[in-house]
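Me: Please take a close look at one loop of this model and the surroundings it belongs to, and then work outward from there. I would like one connected account.

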Amino acid sequence: MHTKFEDVTPNPEFLIKSISEQGYSFEAALADLIDNSISADATQVEILIDTKKEPFTLFIADNGLGMSEPELKSCMKFPSQSPDTTRGNSDLGRFGLGMKTASFSQTRKFTTLSRIRGTEKYAARTWDLELLKNNEWKLFVNSFENIREHIKKYQEASDSRFNGFENFSANTVIIWEGLYKFEQYLEKKNREKALFNEITIIADHLSLVFHRFMEKNENRLQIRINNQLLNPFNPFPLQEKDFRSLEFRKRNFGNDSIKIEGFILPSRSIKESKSGLSKWTIKNRSLMDMEGIYIYRADRLILFGGWNGLIKKAPRLQLARLQVDIGNHADHLLHLNVAKSQVIIPHELKNAFQSYIDDLKLEAEREYFNRGIKQFKETKEKNNIQLFERRISSKGPVLEINRDFELIRSLLLDLDKKQAAKLNMLLSMVNTRVNKIRKTQTDQSFLDDNTTLSKDELIMNIKDLKHRGVSCSAISQCVLPELGYTIESLPQDVIKLLEGS
């Protein structure tokens, strides 16, 4: 039987237009190019946008290792390497498509010039969509004169701005000739203004995405956009004393490991972020925009804000942030896309995430609902020897057992989980009874109490009481009221546990 084949080589123009629409925003496209700069050991990157005439021109240059001409030719191919290639720990690449797809998502013609660090001679190649319209895969090889003209234009753009790097040597320069999403889809009078606004968004995005590289003590990354030298924005400001963390968890994942750690912003951040203070949010985002999961891949932030489909955003959760750290050897398991803007958490990790997020939600809700309660605790001495501590409420002084009292603290340390849960519940009941006698007790929402009994401990104790023969009605009528919580504020898990008998 004769076997017949047909040539189905794709039209290069159509294919490139299609694959460049991979979810790239302007800022995400630039971040993808900076990934290559970091992988090439660059410590300085400058982005220059020339809007004096159309087509607008964008230059992005770095002082990295650079490329030889054969390396440049390989780099400009679609793709330049397999996504299955084993990568170094600091390599931020994935598919070998980033530079091309990111560039074509914003321009229809771009040139890459590069030289090996320490040498003088540049090589250059240009992708031009116009050259592909004859259904031929053609990559333009730049002449010496053409390269010299490109370098001259770049140098003029760099020298005309403020805050330039000292002794900066541009070893790789990428030039976008034309920004078609501004020039084709906006009226002429709006183009420059829209691009100026976009620069602010880009600056915020890059300050956040690359903040760990910009905070390093050695080989610190510097990024310049036109006249602005960027400052890193860390969404986890550990220097703030009331910014607190939950205990982290770590487990093996594919050929890598994954670490998750939850953080709670202080309630004061709600008011402060509305006042324009930027320690909690970047300029164009609110606390709710920035609540959720932050996934770092080899120190590069690839996803932030939102809960990736695990739970819904809510005002009461705006103080919660979950930091997730992975390496770059488990990309295939996370289904990382070309633009590095989407991650799918696999089924085997969802349970671990869900369990941890439940704890984080509880702490965030407690902090959120506590923000309006004015309670002033007396300052404790470093070695407090008082069994009771006092705080001021609207009904007067409230007494509470001091959990830092040495006997209680040591007892809690010696007990196992179930025993500690019983002691915590007992201490809560004692506090409530003492203040009822003194007529200073005010029942509070279960979510407001972040110092005594957790939901897990409450459920554990109720199950134990039921196991010992105490009826649900007795628990509801005699035990729960002595905990000092309003019944309607108790978690649904607890209510369901007491239904039916």
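Reply: Pro55 sits in the loop that runs between strand E1 (44-50) and strand E2 (57-62), and the peptide bond that joins Glu54 to Pro55 is cis, with omega at about 0°. The model is a predicted one, and the cis bond should be read as a feature of that prediction.

On the other side of E1 lies another loop, the one between H2 and E1, and Asp41 is found there. Asp41 is not a glycine, yet its phi is positive, at about 70°, and this residue comes after H2 in the chain. With a relative accessibility of 41%, Asp41 counts as partly exposed, since buried is reserved for values under 20% and exposed for values over 50%.

Helix H2 itself covers residues 26-39, and its 14 residues should span 20 Å at 1.5 Å a residue; the C-alpha atoms at its ends are 21 Å apart, which agrees with that expectation. Of those 14 residues, 12 are buried, so H2 is largely enclosed by the rest of the structure. The buried set includes the nonpolar residues Phe26, Leu30, Leu33, Ile34 and Ile38, and also Glu27, Asp32, Asp35 and Ser37.

This burial can be followed into the largest nonpolar core, which has 45 residues and in which Phe26, Ile34, Ile47, Ile60, Trp176, Leu206 and Phe210 have the most contacts. H2 supplies the largest share of this core, 8 residues. Phe26, apart from residues up to four places away in sequence, touches Leu58, Gln106, Trp176, Leu179, Phe182, Leu195, Glu198 and Ile202. A second core, separate from this one, has 24 residues, and among them are Leu246, Ile345, Leu349 and Tyr356.

The strands on either side of the Pro55 loop can also be approached from Phe168, a residue of the loop between helix H5 (144-159) and strand E6 (172-177). Once its neighbours within four places in sequence are set aside, Phe168 is in contact with Gln44, Glu46, Ala61, Asp62, Asn63 and Tyr154. Phe168 and Ala61 are 107 residues apart in sequence, while their C-alpha atoms are 9.9 Å apart in space.

Contacts between residues distant in sequence are also prominent in the chain's totals: among contacts with a separation of 6 or more, 68% are between residues 24 or more positions apart. The chain contains 17 helices and 17 strands, and 49% of its 501 residues are buried. Its accessible surface comes to about 26400 Å², and carbon and sulfur atoms account for 50% of that area.

Further along the chain, aromatic rings deserve attention, with the count of aromatic pairs coming to 13. In one of these, Phe243 and Phe263 are stacked, with 5.3 Å from centre to centre and 5° between the planes. Phe243 belongs to the loop between strand E8 (228-229) and strand E9 (244-245), and Phe263 to strand E11 (residues 256-264), so the pair ties together parts that are 20 residues apart in sequence. Phe243 and Phe263 are both buried, and ring pairs link them with Phe236, Tyr294 and Phe304 into a cluster.

Two arginines lie over aromatic faces: Arg108 over that of Tyr180, at 4.0 Å from the ring centre, and Arg212 over that of Tyr296, at 3.6 Å from the ring centre. Tyr294 of the ring cluster leads on to another turn of the backbone, for Asp299 has its place in the loop between strand E12 (292-297) and strand E13 (300-304). Asp299 has a phi near 75°, again a positive value in a residue other than glycine, and its relative accessible area of 31% makes it partly exposed.

One last site offers a contrast in exposure, namely Ala421 in helix H14 (residues 417-437), which is buried with a relative accessible area of 0%. Neighbours within four places in sequence aside, Ala421 is in contact with Leu453, Glu457, Met460 and Asn461. The C-alpha atoms of Ala421 and Met460 are separated by 7.4 Å, although the two residues are 39 residues apart along the chain.

Note on methods: Residues are numbered from 1 along each chain as its sequence is written. This is a predicted model: local features need pLDDT of at least 70, side-chain atom pairs count only at pLDDT 80 or more; totals for chains, interfaces and linings use all residues. Side-chain values use heavy atoms; hydrogens and water are left out. Helices (H or I, at least four residues) and strands (E, at least two) are DSSP runs, numbered from the N terminus. Buried means under 20% relative accessible area, exposed over 50%, partly exposed in between (1.4 Å probe, protein chains only). Contact means heavy atoms within 4.5 Å. Accessible areas come from the Shrake-Rupley method with a 1.4 Å probe; for residues, only the protein chains shown count as cover. The expected span of a helix is 1.5 Å times one less than its number of residues. A nonpolar core is a set of buried Ala, Val, Leu, Ile, Met, Phe, Trp, Tyr and Cys residues joined through side-chain atoms within 4.5 Å. Rings of Phe, Tyr and Trp (its six-membered ring) pair if their centres lie within 6.5 Å; planes under 30 degrees apart count as stacked, over 60 as edge-to-face and the rest as tilted. A charge sits over a ring if NZ of Lys or CZ of Arg is within 6 Å of the ring centre and within 35 degrees of the ring normal.
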